[in-house]
Amino acid sequence: MGELPAVLRPLAADPGHSGLCLDFDGTLSPIVADPETAFPLPGVTEVLARLAGRFALVAIISGRPVAFLRQVLGPPTGVRLVGLYGLEQIGPDGARTVDPAAQPWAAVIAEVVPVAQREAPPGVHVEPKGLTVTLHWRHAPEASEWVEAFAARQVAERGLRAHGSRLSVELGPPLDIDKGTVVRSLTPGLRAVAAFGDDVGDLPAFAALGELAAAGVAVARVAVVDAESPPEVATGADLLVEGAPGALALLEQLARVAG
């Protein structure tokens, strides 16, 4: 890779006052058919550790539970892990915390999971995550209407909120918590911030960076695109890279330039 893209140069020039907010699936890990087999690309944990040693903030903000992120990433020293779009996180001290408003909804999700497992058509994968549950139809595209209808029923009957993603729907607490609120909470005082993401769940993070830019912060919204990427992700970005390998190569370059 050649010269560092101009939109990332403010971060490399002042890493001690800069932050990186990174998605996991599709950004640090390739999209896979079975979500339980996802694993970071070789070299990801090493580059995260290098970046964390130079930058004021390196955060993985994912729809995955933090227990999964900690299992597959280590975590590298100094990397903040934020799971379930902000409902839980592991801070610098290694302790897991859960948003108090989300905790009561774990019992509701626990009721939904066996119903989904019992009623789901063949090929639909039900992924329990504690405070949320995701229904994947990648292996059964003909079941997408069933998933949408099931999710709508849970929203109406149990008060949950549904979020669409790549060939899936996630059900979770009806709280105004997303990657945008996480970015806003982690970045006060920073002079430059970049967010990497590949799906609609990353758009709130991109929007939060737009607010930071209006306040004078240097920002870089990096869309990690592939054949399945929703077009609005690329539309909302300042820079495009090709898949998780492209994101990793850019992070490696940023680590080298930042010293």
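Analyst: Let's start with a definition: two strands count as paired if DSSP finds at least two bridges between them. Keep in mind too that this model is predicted.

User: How many residues sit between S8 and S9 in their hairpin?

Analyst: Strand S8 covers residues 161-165, and strand S9 covers residues 168-172. S8 and S9 are antiparallel partners joined over 5 bridges. In the turn of their hairpin, Leu 167 has a positive phi of about 50 degrees. The number of residues between the two strands is 2.

User: Which residue stands opposite Val 169 on the S7 side of S9?

Analyst: S7 (residues 133-136) runs antiparallel to S9, with 4 bridges joining them. One of the facing pairs is Val 133 with Leu 171 in S9. On the S8 side, Val 169 has Gly 164 opposite. For S7, the residue opposite Val 169 is Leu 135.

User: Which strands stand at the edges of the sheet that holds S9?

Analyst: That open sheet has 4 strands in the order S6-S7-S9-S8, with antiparallel pairing. An edge strand here has a single partner, so one side of it is left without a neighbour in the sheet. From one strand to the next, the twist averages 20 degrees. The edge strands are S6 and S8.

User: How many of the residues of S9 are buried?

Analyst: In a regular strand, side chains alternate between the two faces of the sheet. On one side of S9 we have Ser 168, Glu 170 and Gly 172, and on the other Val 169 and Leu 171, with both faces covered. Buried means under 20% relative accessible area. The count for S9 is 5 of 5.

User: Which strand does the direction of H5 make about 10 degrees with?

Analyst: Two helices are worth a look here. H4 (residues 106-119) lies across S6, S7 and S9, running at about 165 degrees to S6. H5 (residues 144-158) packs on the sheet too, touching S7, S8 and S9. The strand at about 10 degrees to H5 is S9.

User: Which strands are at the edges of the 8-strand sheet?

Analyst: This open sheet has mixed pairing and runs in the order S5-S4-S3-S2-S1-S10-S11-S12. Each edge strand pairs on one side only. Those strands are S5 (96-98) and S12 (239-242).

User: What angle does H7 make with S11?

Analyst: First, the other helix on this sheet: H3 (residues 66-73) touches S2, S3, S4 and S5, and its direction makes about 140 degrees with that of S3. H7 also packs on the sheet, where it touches S10 and S11. The angle between H7 and S11 is about 160 degrees.

User: Are H6 and H7 oblique or roughly parallel to each other?

Analyst: H6 (residues 179-186) packs against H7 (residues 203-214) with the axes 6 Å apart, at an angle of about 40 degrees. Angles under 35 degrees count as roughly parallel. By that cut-off the two helices are oblique.

User: How many nonpolar residues are in the contact of H6 with H7?

Analyst: Val 183 in H6 is among the residues that meet H7, and Leu 209 is among those on the H7 side. The contact has 1 polar residue and 3 charged ones, and its nonpolar residues number 6.

User: Is Ser 229 buried or exposed?

Analyst: Ser 229 is found in the loop between S11 and H8. Leaving out residues up to four places away in sequence, it touches Arg 166, Asp 198 and Val 224. Its relative accessible area is 16%, and the cut-off is under 20%, so Ser 229 is buried.

Note on methods:
Residues numbered from 1 in each chain as written. Predicted model: local features only at pLDDT ≥ 70, side-chain atom pairs only at ≥ 80, totals over all residues. Heavy atoms only, no water. Axes fitted to C-alpha atoms, helices over the stretch in contact; angles between N-to-C directions. Parallel < 35°, antiparallel > 145°, perpendicular 65-115°, else oblique. Contact = heavy atoms within 4.5 Å. Nonpolar A, V, L, I, M, F, W, Y, C, P; charged D, E, K, R; others polar. Buried < 20%, exposed > 50% of the residue type's maximum accessible area, 1.4 Å probe, protein only.
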